[in-house]
Amino acid sequence: MHIFYLIILFTTFFPGITIFAAPRNFDEKQIELYLQDTIKDNQVLYNGRIWRNRYARIKEDQFLFSRDFIEGSLTVRGETFKGIQLKYDIFKDELLSPVQDGVIQLNKEMIDSFRLSFGNRNYKFIKIQEDSLNTTKSFFDVLYEGKTSLYVRHFKKIDKLAVEGQYDKFYQINKVYVTKGNKFYPITGKKDLMEVLKDKSVEIKDFLKKNKLRVTEKLPDSFIPVIMYYDNLMH
């Protein structure tokens, strides 16, 4: 089949798939086989657009955990794919995956959640809908799920001319949120936390003092034992 007609048929019957992922410098038969494999196996998973690194000259990088791809899994429109190589760009809040002859920026609108395995720990990220925080849809790291839940949103920003007065540099910040009664509350430290958990403030203060705990958004995990303790008090 002539490649022109192949592409027409491909885009007609599978409008959600972008044909950019086909490797360059392939002959007509190779491209035909490649598109057949894409239709059969990857039409849900690899829906997105080609990715180019526009920040290569900035010191450090825009990724969470590592600039290398990390093994993980994806849930796309209710279907889970395991053993996927992923890289999470927290500057743009986009998820990347390698394909033959390139890297694809996955279609964020189709992704329900994803998991990453790094440093002997499994991380789960879910997409919070717009009406929950009155913002655009974003991925949140799930630290604890219960009657009261704890999430963190990881960001990277650019510090202008931070290196030798010549080069920009990425730096990371975290924003912690507690959900209670179906509402999201931003938490920056102990004061915010005590305000959200004020119905058990006496017990929480005693718990923090007794266990010599300090909570800070620089260390989002520091909030986990407090939220778990609060949930146990509420049972």
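**Figure 1. Accessible surface and overall make-up of the protein chain in the predicted model.** The accessible surface of the chain comes to about 14,100 Å², and 49% of that surface belongs to carbon and sulfur atoms. The chain has 235 residues, of which 42% are buried. Its secondary structure consists of six helices and 11 strands. When contacts are restricted to residues at least 6 apart in sequence, 53% of them join residues at least 24 apart.

**Figure 2. An aromatic pair formed by Tyr-55 and Phe-170.** In the whole model, the count of aromatic pairs comes to 16. The pair of Tyr-55 and Phe-170 is edge-to-face, with 6.1 Å from centre to centre and 75° between the planes. Because Tyr-55 lies in the loop between strand 1 (48-50) and strand 2 (70-76), whereas Phe-170 belongs to strand 10 (residues 167-180), the pair ties together parts that are 115 residues apart in sequence. Phe-170 has a relative accessible area of 3% and is therefore buried, the cut-off being under 20%.

**Figure 3. The aromatic cluster that contains Tyr-88 and Phe-139.** Tyr-88 and Phe-139 form an edge-to-face pair, with their ring centres 6.0 Å apart and 85° between the planes. Tyr-88 is in strand 3 (residues 79-89) and Phe-139 is in strand 8 (residues 138-144), and the pair thus links distant parts of the chain, 51 residues apart. Both Tyr-88 and Phe-139 are buried. Together with Phe-114 and Phe-125, these two residues form one aromatic cluster.

**Figure 4. Lysine side chains placed over aromatic rings.** The ring of Tyr-167 has the charged end of Lys-59 sitting over it, at 4.6 Å from the ring centre. In a second arrangement of this kind, the charged end of Lys-87 sits over the ring of Phe-69, at 4.4 Å from the centre of that ring.

**Figure 5. Surroundings of Thr-75 in strand 2.** Thr-75 lies in strand 2 and has a relative accessibility of 18%, so this residue counts as buried under the 20% cut-off. Leaving aside residues up to four places away in sequence, Thr-75 touches Thr-80, Met-110, Ile-111, Asp-112 and Ser-113.

**Figure 6. A polar side chain in strand 4, Ser-97.** Ser-97 is located in strand 4 (residues 94-99), and at 1% relative accessibility this serine counts as buried. A polar atom of the Ser-97 side chain lies 2.8 Å from the backbone oxygen of Gln-85.

**Figure 7. Buried and exposed sides of helix 5.** In helix 5 (residues 201-210), the buried residues are Ile-204, Phe-207 and Leu-208. These three residues are on the same side of helix 5, because they cover an arc of only 95° around the axis. An α-helix has 3.6 residues a turn, so residues three or four places apart point the same way. The other side of helix 5 carries the exposed residues Val-202, Lys-209 and Lys-210. Helix 4 (190-196) and helix 6 (224-234) are included in what covers the buried residues of helix 5. Just after helix 5, Lys-212 takes a positive phi of about 50°.

Methods:
Residues are numbered from 1 along each chain as its sequence is written. This is a predicted model: local features need pLDDT of at least 70, side-chain atom pairs count only at pLDDT 80 or more; totals for chains, interfaces and linings use all residues. Side-chain values use heavy atoms; hydrogens and water are left out. Rings of Phe, Tyr and Trp (its six-membered ring) pair if their centres lie within 6.5 Å; planes under 30 degrees apart count as stacked, over 60 as edge-to-face and the rest as tilted. Helices (H or I, at least four residues) and strands (E, at least two) are DSSP runs, numbered from the N terminus. Buried means under 20% relative accessible area, exposed over 50%, partly exposed in between (1.4 Å probe, protein chains only). A charge sits over a ring if NZ of Lys or CZ of Arg is within 6 Å of the ring centre and within 35 degrees of the ring normal. Contact means heavy atoms within 4.5 Å. Accessible areas come from the Shrake-Rupley method with a 1.4 Å probe; for residues, only the protein chains shown count as cover. The arc is that of the directions from the helix axis to the C-beta atoms. A polar contact is a pair of N or O atoms within 3.5 Å; within protein, one must be able to donate a hydrogen and the other to accept it, and residues adjacent in sequence count only if both atoms are side-chain atoms.
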